[in-house]
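Here's a quick briefing on the pockets and the bound ligand. Have a look at the model first, then we'll go through it.

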Amino acid sequence: MREFDQIYMKTGDMVMQSEFVASWANKKRLAFIGDGDSISVCVAYLHARGILNYGPSMTTVFDFDERMVSAINRFADRERLENLQAVLYNCIDSLPQNKLFECFYTNPPWGASNNGASVNLFVQRGIEATRSHGEGMIVIADDPDLEWPQEVLYQVQAFASANGFYVSRMMPQLHSYHLDDAPDLRSCNLIIKARPGNTQRLGSEPIRDSARLDNFYGRDTQVRVRYIRERKRLDYGKADETEYELELLEEAT
Ligand SMILES: C[S@@+](CC[C@H](N)C(=O)[O-])C[C@H]1O[C@@H](n2cnc3c(N)ncnc32)[C@H](O)[C@@H]1O
């Protein structure tokens, strides 16, 4: 759904990205703050099937779209991926603090119309998931010919720095997307890490401040949806009957 920036990474880049995430988060507890691309699923599946012999010890996805959350949980259940689960969660709310993560991954709304404020809300929740002591991989726009991605990169690094994190690695212009009006726009991996003995702490408070929520998914958009709910179907796994009709053979006379 374009209105919520659900724009997916191209398949070849997803494979490369999944391998990289698996090695970066090897043996660690990893939180995904949003994951429409399902990199979490690729990483867990490639690891569980032995195609990669490294990967996170546990992965939790937090996303406000129940279709994603349920699809991940159904897949994990069917494939017996015991280390993968998804939770329905909107970034504007407090993050459930019942688990401690060592690293987080986010490919958030890219903040083109709010100077990266939407990116920083996702990053904030990621930092909170690690209780300010871990590492994070932030996937955001990177184009040296456009001003807004450069400003967003600056704002995100400033936010990370203000919260006791530094940029440990930056992999420029790495991924491309199914984005018909900007097919050449790429994203980078911006990797941040807590400084040793970080004393900055973010309390996980709900955010209702319009300065952080206005233009969240693009110009003149507001956060007005708590969850995208899945319409449950009893016959899940079969073609939806509203999508087709059967034209029958003529009856024999
Ligand atoms: C914003 S999209 C960015 C595009 C990226 N390629 C992807 O689809 O993962 C990332 C994910 O964030 C989720 N998302 C969007 N707004 C959210 C919010 N307020 N709270 C939690 N998740 C959100 C979307 O459902 C999507 O799965």
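A residue counts as near the ligand if one of its heavy atoms lies within 4 Å of it. With that cut-off in hand, 22 residues surround the ligand in this predicted model. The ligand itself sits in the largest pocket.

**Around the ligand**
- Closest to the ligand are Gln 6, Ile 7, Gly 36, Asp 63 and Tyr 217.
- Sorted by class, the shell comes out as twelve nonpolar, five polar and five charged residues.

**Polar contacts to ligand nitrogens**
- Tyr 217 puts a polar side-chain atom 2.7 Å from a nitrogen atom of the ligand, and Tyr 217 is also among the residues closest to the ligand.
- Asn 90 has a polar side-chain atom 2.9 Å from a nitrogen atom of the ligand.
- Cys 91 joins in through its backbone: an N or O atom there lies 3.0 Å from a nitrogen atom of the ligand.
- As for burial, the ligand on its own has 550 Å² of accessible area, and the protein covers 99% of that.

**The largest pocket**
- The pocket holding the ligand has a volume of about 730 Å³.
- Its lining runs to 40 residues, and the ones closest to the centre are Phe 4, Asp 5, Pro 108, Pro 109 and Trp 110.
- Split by class, that lining has 25 nonpolar, nine polar and six charged residues.

**The second largest pocket**
- This one offers about 170 Å³ of space.
- It has 13 lining residues, with Ala 44, His 47, Ala 48, Leu 81 and Asn 83 nearest the centre.
- Which helix gives the most to this lining? That's helix H2 (residues 39-48), which supplies three residues.
- The class split here is five nonpolar, four polar and four charged residues.

Note on methods. Residues numbered from 1 in each chain as written. Predicted model: local features only at pLDDT ≥ 70, side-chain atom pairs only at ≥ 80, totals over all residues. Heavy atoms only, no water. 1 Å grid on protein atoms, 1.4 Å probe; cavity = no way out; pocket = protein on both sides within 12 Å on 5 of 7 lines; lining within 4 Å. Points joined across faces, edges and corners; volume = space filled by probe spheres on them. Nonpolar A, V, L, I, M, F, W, Y, C, P; charged D, E, K, R; others polar. Helix = DSSP H or I, 4+ residues; strand = E, 2+ residues; numbered from the N terminus. Polar contact = N/O pair within 3.5 Å; in protein donor to acceptor, adjacent residues only side chain to side chain. Areas by Shrake-Rupley, 256 points an atom, 1.4 Å probe, with all protein chains shown as cover. Sits in = over half its atoms within 2 Å of the grid points.
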